[in-house]
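Colleague: Could you zoom in on one part of this model for me, a strand that sits well inside, and then walk outward from there? I'd like the residue-level detail, please.

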Amino acid sequence: MTPPFPDAGWRFDNSYARLPESLFEPAPPVPVQRPGLLVFNEPLAADLGIDGGILRAAGAAMFVGNELPPGAEPIAQAYAGHQFGHFTNLGDGRAILLGEHLTPDGRRVDLQLKGGGRTRYSRGGDGRAAEGPMLREYIISEAMHALGIPTTRSLAVASTGEWVRRETPLPGAVLTRVAASHIRVGTFQYAAAVGEPGLLQALLDHAIARHAPAATSADDPAVAFLEHVVEQQASLVAKWMHVGFVHGVMNTDNMAVSGETIDYGPCAFLDTYDPAAVFSSIDQQGRYAYGNQPSIAHWNLVRLAEALLAAVRGNEETAIAAVRGVLETFSARYERHYLAGARAKLGLTVAEEGDRRLFDDLLGLLAATGGDFTTTFAGLAAIAESGTSPAADAADAAFHEWYGRWLARLTREPGGRVGAVAVMRGSNPVVIPRNHRVEEALAAAAAGDRTMLERLLAVLRDPYVETAANEPYRGGPPSGCGRYRTFCGT
Ligand code: AMP
Ligand code: MG
């Protein structure tokens, strides 16, 4: 008899698995040959109330799905989605939801194995994931968390000891993903499309209980839920914009109703500022370019509203009017979040008419000169501290003019330059997961050396403070790197 799997403190309560059956399919992970733990997130384990020591000692078996933690009920979730504008039925083709863990402080989180083997929804795929992309998701999602941006998180990446067939054979790996939930806009699209009586309502009740409990007592819970998601997305995308994050594949199946960033496939960060920046090799039209993200978020929310219509009270006409009213608030909400973030990046705490213009003018200069987004903003605090424009004797008169205007604006701040510096230091990261640094760490890891990966992860954990350790990680790529490309279908 095999001994019971050590109990590290998991407390599962799998409410999604109690929803109507058409929303999911039982999906036991497919065992792998030789599990090996590549990275493990000790601080996240502690945050979840899980004993990291016990987990680590138990090895990688749980993180590839060879062993299930007590209480897990593995399922694959059904969903649909608009991919690059086209509606498709999808579902977890290579992700297995182990269940929902209740943390000691009362949160409910999904625990999912990405790359855990074939499911009913795998279509032609192998249900597997490669090591590089899973480590990449680990790095970037944890960096986003440290930047203060809502995101799914990564508990571990474990190698499978098996090869996955892509263009070339690649080492396989499984990512253990932690999320507020994995309910997507596409999950609602699926429930609406199936049209089974009670299905949409059951999903909605579940999502409301998890993500918008206040909507339960609203006049119209479906409309209140939509409003909640609209607000979360407006806030989320504004945060992406302020760190130069390009999601890369904002299909409706990759938008979580929890308001967390999800599905780190072809994402990347801006080095030089460029509103048209696209990194994904499959995004030929630039649909998901950096500057398009707010309008795509809105487009996706319209798809959510359409899916929710059948659950909205009243007749069709009044229901459409109700959701339209909510959708129309997106722009103002986004603008409010964006402007608040922009002010903070400039060190401003009181609102003035010209603030948006001041911010846009700096972006305009960056776009015109190909300036580095992160280092420019991170450098503002030091300029405010010294009180003089660094461009004073340089040829770039336009920057000089801008710094002068901005320093004059800071004199009207109640906290003066000192207060502004503190605000900026909390809003402008000095280090982000630079594409070239991520690639370098992944290449070393692929060659068997994970010291660079560990060093990068450590540096990204504290992105707002200048330290000796993060000094080499602050700058953009060396010149001559060429345009950075990312790939989907990883
Ligand atoms: P993504 O581009 O990662 O958001 O995935 C889009 C859809 O393709 C989802 O339904 C995935 O589950 C599915 N998928 C991606 N890769 C695989 C794979 N290797 N095997 C099976 N399904 C996959
Ligand atoms: Mg996806």
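Modeller: Let's take strand 2 (residues 36-40), keeping in mind that this is a predicted model. Four of the five residues in this strand are buried, so the rest of the structure largely encloses it. Its partner is strand 9 (residues 153-165): the two run antiparallel and are joined by four bridges. One concrete pairing to click on is Gly 36, whose bridge partner in strand 9 is Ser 159.

Ser 159 deserves a closer look from the strand 9 side. Its relative accessible area is 15%, and because the cut-off for buried is under 20%, Ser 159 counts as buried. If you skip the neighbours within four places in sequence, Ser 159 is in contact with Arg 34, Pro 35, Gly 36 and Leu 38. Val 64, Glu 131, Gly 172 and Ala 173 are also contacts of Ser 159. The bridge partner Gly 36 therefore turns up among the contacts of Ser 159 as well.

Moving along the chain, Ala 76 in strand 3 (residues 75-77) makes a nice next stop. At 0% relative accessibility, Ala 76 is buried. Which residues does Ala 76 touch, leaving out those up to four places away in sequence? They are Leu 23, Phe 24, Glu 25, Ala 27, Asp 92, Ala 95, Thr 119 and Tyr 121. For a distance check, the C-alpha atoms of Ala 76 and Leu 98 are 8.9 Å apart, with their positions 22 residues apart along the chain.

Ala 58 is a useful contrast. This residue belongs to helix 2 (residues 52-58), and at 25% relative accessibility Ala 58 is partly exposed. Beyond its neighbours within four places, Ala 58 is in contact with Phe 5 and Pro 6. Its C-alpha atom is 45 Å from that of Gln 284, which is 226 residues away along the chain.

Now for some backbone geometry you may want to inspect. Phe 84, in the loop between strand 4 (80-83) and strand 5 (86-89), has a positive phi near 50° without being a glycine. Phe 84 is partly exposed, since its relative accessible area of 25% falls between the 20% and 50% limits. Asp 263 also has a positive phi, about 70°, and is not a glycine either. You'll find Asp 263 in the loop between strand 11 (245-246) and strand 12 (268-269); at 13% relative accessibility, this aspartate is buried.

Asp 263 has another role in the picture: through OD, it is a protein donor of the magnesium ion (ligand 2), along with OD1 of Asn 254. These donors lie 1.9 to 2.2 Å from the magnesium ion. Asn 254 is buried too, like Asp 263.

The aromatic side chains are the next thing to look at. The pair count for the model comes to 19. Phe 373 and Phe 377 make up one edge-to-face pair, with the ring centres 5.2 Å apart and the planes at 65°. These two phenylalanines are four residues apart in helix 12 (residues 373-386), so about one helical turn separates them. Both rings belong to buried residues, with relative accessible areas of 2% for Phe 373 and 1% for Phe 377. The pair sits in one aromatic cluster that also includes Tyr 273, Tyr 290, Phe 330, Tyr 334, Tyr 338 and Phe 359.

Phe 377 has a charged visitor as well: Lys 345 lies over the face of its ring, 4.8 Å from the ring centre. A second case of a charge over a ring is Arg 287, at 4.7 Å from the ring centre of Trp 299 and over its face.

Finally, zoom out to the domains. The assignment gives domain 1 (16-182), domain 2 (212-434 + 475-490) and domain 3 (435-473). Domain 2 and domain 3 have C-alpha centres 25 Å apart, and their contact involves 19 residues from domain 2 and 14 residues from domain 3.

Methods:
Residues numbered from 1 in each chain as written. Chains lettered and ligands numbered in written order. Predicted model: local features only at pLDDT ≥ 70, side-chain atom pairs only at ≥ 80, totals over all residues. Heavy atoms only, no water. Donors = N, O, S within 2.8 Å, 3.2 Å for Na, K, Ca; no water. Buried < 20%, exposed > 50% of the residue type's maximum accessible area, 1.4 Å probe, protein only. Phe/Tyr/Trp six-rings, centres within 6.5 Å; stacked < 30°, edge-to-face > 60°. Lys NZ or Arg CZ within 6 Å of the ring centre and 35° of its normal. Pairing = 2+ DSSP bridges. Domains from an automatic or database assignment. Contact = heavy atoms within 4.5 Å.
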